[in-house]
Amino acid sequence: MKHQALVDGKAGDHELLLGNEAAVRGALEAGIGVAASYPGTPSSEIGDVFSVVAKASGVYFEYSANEKVALEVAAASAASGVRSFTFMKHVGLNVASDSFMTTAYIGTRAGFVVLSADDPSTHSSQNEQDNRYYARLANVPMLEPSNPQETKDYMVEAFDISEKLELPVLLRTTTRVAHMRGDVVFGDRRPVVRKGVFEKDPPRFVPVPANSSKMHVKLLGKLGEARHLSEMTSLNRIVDVGAGGRAGIVTVGSAFNYVVDALEELGLSARVFKIGFSYPLPLDRIREFAAGVDELLVVEELEPLMELDIKADFLSHGTRTPVRGKEELLVPRVHELNVDVVAKALANHFGVPLHVPASGRVEPWSSPLPSRPPVLCPGCPHRGSYLAVRRAIRELGIPEPVFASDIGCYTLGMAAPFSAADYLLSMGSSVGTAGGFEVATDRQVFSFIGDSTFFHAGLSALASAIHNKHRFVLTILDNRTTAMTGHQPNPSMLTDAVGDPAPAISIEAVAKAMGVPFVKVINPYRVVEATEAYKEAAKVDGVAVIVSKQVCSLLLDRAKRAKGIWQTFQVDRGVCSGCLICVREAACPAIFVSEGKAEINEELCDGCSVCSQICPVHAIGVKK
Amino acid sequence: MSSLNVFVAGVGGQGIITGASIIARAAIAAGVGAVMSEVHGMAQRGGSVVCDLRLGDVHSPMIPEGEADLIIGFEPVETVRSLTRANHRTVVITEVRPNIPVSVSLGGIAYPAVEGLLAYLRSQVAAVYAIPAAAIAEEIGLPQAANVVLLGAAMGTGLIPLELETIRETLSRSIPAQALEANFRALQEGFEVTRKV
């Protein structure tokens with residue numbers, strides 16, 4: 001079994017682990033019984049690993065329909081005395097936040113840890129919000145590891161703290177911690193407790209107004225205890241770099257890595273207060289630390305949260321040590337940090353020159369290089385859907401419509417030639433925003449949502465659209481998986497998170513049952529039929545739902561290769577007229593232009609046949 | 001800071017992370033510190049993918065600008081793109097076969113001549129090993145082992161402080177038995193290319 005070591009590893013064993021893999025080992029060492037999630041980069045590999053190891057390690061694991069449901073499953077399980085873990089990407093916590101806020105009020109019995117994987121620099125997200133605000137908003141303790149080893153260790157700490165305070169604990173990572181791979185030394189695994197007892201206690205667990213006002217008072221008391229733990233813990237520690245001395249830096253998470261490397265690169269010495277338990281901050285210890293240094297530089301990614309807390313604390317205590325950071329723009333407030341950015345901040349702060357490589361920098365390539373943004377894969381079924389929509393619009397002479405898009409691989413339809421993503425907010429927003437565009441403009445609206453995203457947040461939006469008599473064409477791109485995050489299952493599939501058989505919910509049946517007046521299932525690989533379906537749908541006075549059903553080509557290719565069924569297409573150069581309709585309309589990575597005519601890269605071609613169907617002179621056929 | 005910085009660049013799906021992980025795993029097995037930074041998610045859909053690998057005593061998993069000791073490029077344009085991490089002492093290994101991005105087919109910027117790309121690389125860094133890794137892997141009969149050919153070439157430079165045998169052991173722990181012999185051949189062929197040069 002893949003990841004066997006995470007299950008069987010003994011204390012003292014070493015493994016090279018991704019931060020996300022280390023989080024799973026940490027959860028297993030903490031003896032969790034239940035884990036639940038909805039996939040989202042940069043947290044997705046945590047679920048991928050649980051899918052493989054959950055059964056073997058005696059843990060219950062599920063992919064819930066969305067992050068809110070996942071958090072609720074874990075919260076109730078923890079309230080029943082079973083250590084429980086939920087994890088999500090930063091914007092996933094927005095979805096879960098309604099219940100998350102209340103879990104702080106009602107607390108927990110067994111350890112309850114919520115991992116938020118933030119994405120500074122928006123490597124794979126719609127924003128780079130700083131979820132450290134959530135610890136402050138909800139009044140819950142927060143830990144922030146710097147590397148895979150700490151990710152594992154802090155998981156165990158987080159469960160202990162949670163149980164001690166009877167509060168959820170937020171464990172916040174970022175892309176560069178979640179997707180950092182490094183050596184991890186294991187600890188012992190605590191036995192799994194899979195079943196507990198839910199002891200009823202309505203004044204504690206039912207936040208009706210009479211109870212909730214009291215809960216808030218109790219919560220602030222617990223936060224005081226958390227502050228005490230933060231003052232005592234070794235997760236907050238002082239690291240002397242070089243000779244230490246009277247230069248002080250406070251830093252946290254991945255910024256700590258950059259600070260240490262940048263100091264060494266610049267040949268500087270400093271006393272570094274490494275924060276691991278980052279909310280509440282150990283302000284007494286920071287004040288004490290500041291007394292021994294001339295100035296304090298705060299290096300943290302995104303918002304100046306520690307910086308402002310420290311400044312406010314120093315002000316109220318009359319601490320005179322100057323605190324520098326983002327307010328004077330020494331450290332940027334946008335995007336992730338790295339050694340180069342931190343070295344620049346340190347060089348400015350300390351008034352020393354920047355380090356230049358001994359042999360000098362290279363000259364950049366003189367002209368622009370062709371860009372290589374992510375694209376729809378060869379054979380991607382979304383290509384056929386978008387192509388058919390564009391053809392239907394053209395054939396019906398519909399004035400350029402508004403395309404409401406959603407979160408998934410299909411957002412890549414934003415690029416030419418499809419240009420089919422005009423507006424995007426969040427998971428499920430294609431359905432709600434389609435209604436808004438329809439109400440506020442005279443343009444026709446086409447919206448696109450994936451199968452997993454539909455179950456995540458599209459269902460209630462669709463009910464709303466039907467009831468409010470909106471008129472738009474909704475395509476549910478049913479590629480039988482949650483593709484973008486790495487092919488996790490969703491409620492329309494026949495297997496669950498751990499590979500057991502599960503009831504599959506039919507999307508078309510759901511749409512019909514909700515009263516959608518026009519529901520049609522298409523195969524996006526059949527260009528003419530798909531185009532005709534869109535032409536019909538565009539005339540419907542109401543919500544028209546097209547379920548575009550075709551398994552993700554990455555999965556299909558794997559299956560075809562395993563069965564030895566493989567065909568590719570080729571261009572007959574004698575027949576090809578050089579019109580390049582295939583290139584312009586399909587924009588497939590496997591098709592390129594050679595001496596004015598189309599050519600197919602056999603290595604990339606997946607045999608979907610869409611290009612062969614749109615060739616006006618029938619120059620594309622199966623390669624013999 | 002005694003470290004070796006290896007920057008790996010290419011196109012999603014080329015086995016970049018797998019290749020770099022093998023070096024990292026072998027390093028850990030040999031008692032050499034290793035950290036990596038990887039790209040996961042949407043960028044993998046045919047987009048540019050990079051992986052930073054640092055051996056030795058460092059904290060940051062990302063290589064600072066201009067600090068790569070060795071660059072392994074899986075695609076010529078991607079190799080050139082990664083040169084912001086290079087300095088004049090950097091050693092570059094690059095696949096020679098282009099992977100034409102869709103932006104080029106759709107009439108964007110033309111794909112530069114590979115000879116021109118190689119000439120530019122040679123004018124900037126200490127050594128450039130241009131290797132037909134994909135062709136070598138195809139000849140072996142395992143096209144997906146181009147990354148292992150490049151891995152062998154990286155070992156052939158002598159820059160990576162590990163024994164070839166350690167890499168072979170690591171491969172044998174992570175690759176199915178039936179594909180092992182072909183992978184060993186890919187490793188050896190790559191190794192011979194740079195060792196001969």
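Modeller: Two residues are in contact if their C-beta atoms, placed from the backbone, lie within 7 Å. This is a predicted model, where local features need pLDDT of at least 70, side-chain atom pairs count only at pLDDT 80 or more, and totals for chains, interfaces and linings use all residues. Residues are numbered from 1 along each chain as its sequence is written, with chains lettered from A and ligands numbered from 1 in the order in which they are written.

Colleague: How many residues does each chain bring to the contact?

Modeller: Chain A brings 48 residues and chain B 50 residues. On the side of chain A that touches chain B, α11 (254-266) is among the elements that supply at least two residues; α11(A) gives the most, with six residues.

Colleague: What makes α11 a helix and β8 a strand?

Modeller: Both are DSSP runs, numbered from the N terminus: helices are H or I of at least four residues, strands E of at least two.

Colleague: How do the residues of that side of chain A divide?

Modeller: Into 26 nonpolar, 11 polar and 11 charged. Ala, Val, Leu, Ile, Met, Phe, Trp, Tyr, Cys and Pro count as nonpolar, Asp, Glu, Lys and Arg as charged, and the others, Gly among them, as polar.

Colleague: Why are β8(A) and β2(B) called paired?

Modeller: Pairing requires that DSSP finds at least two bridges between two strands. Three bridges join β8(A) to β2 (residues 34-37) of chain B, so they pair, and they run antiparallel. A:Gly182 has B:Val35 as its bridge partner in β2(B).

Colleague: What makes β3 of chain A an edge strand?

Modeller: β3 (60-63) pairs on one side only, as does β12 (277-279). The open sheet runs β3-β2-β4-β5-β7-β6-β12 in chain A.
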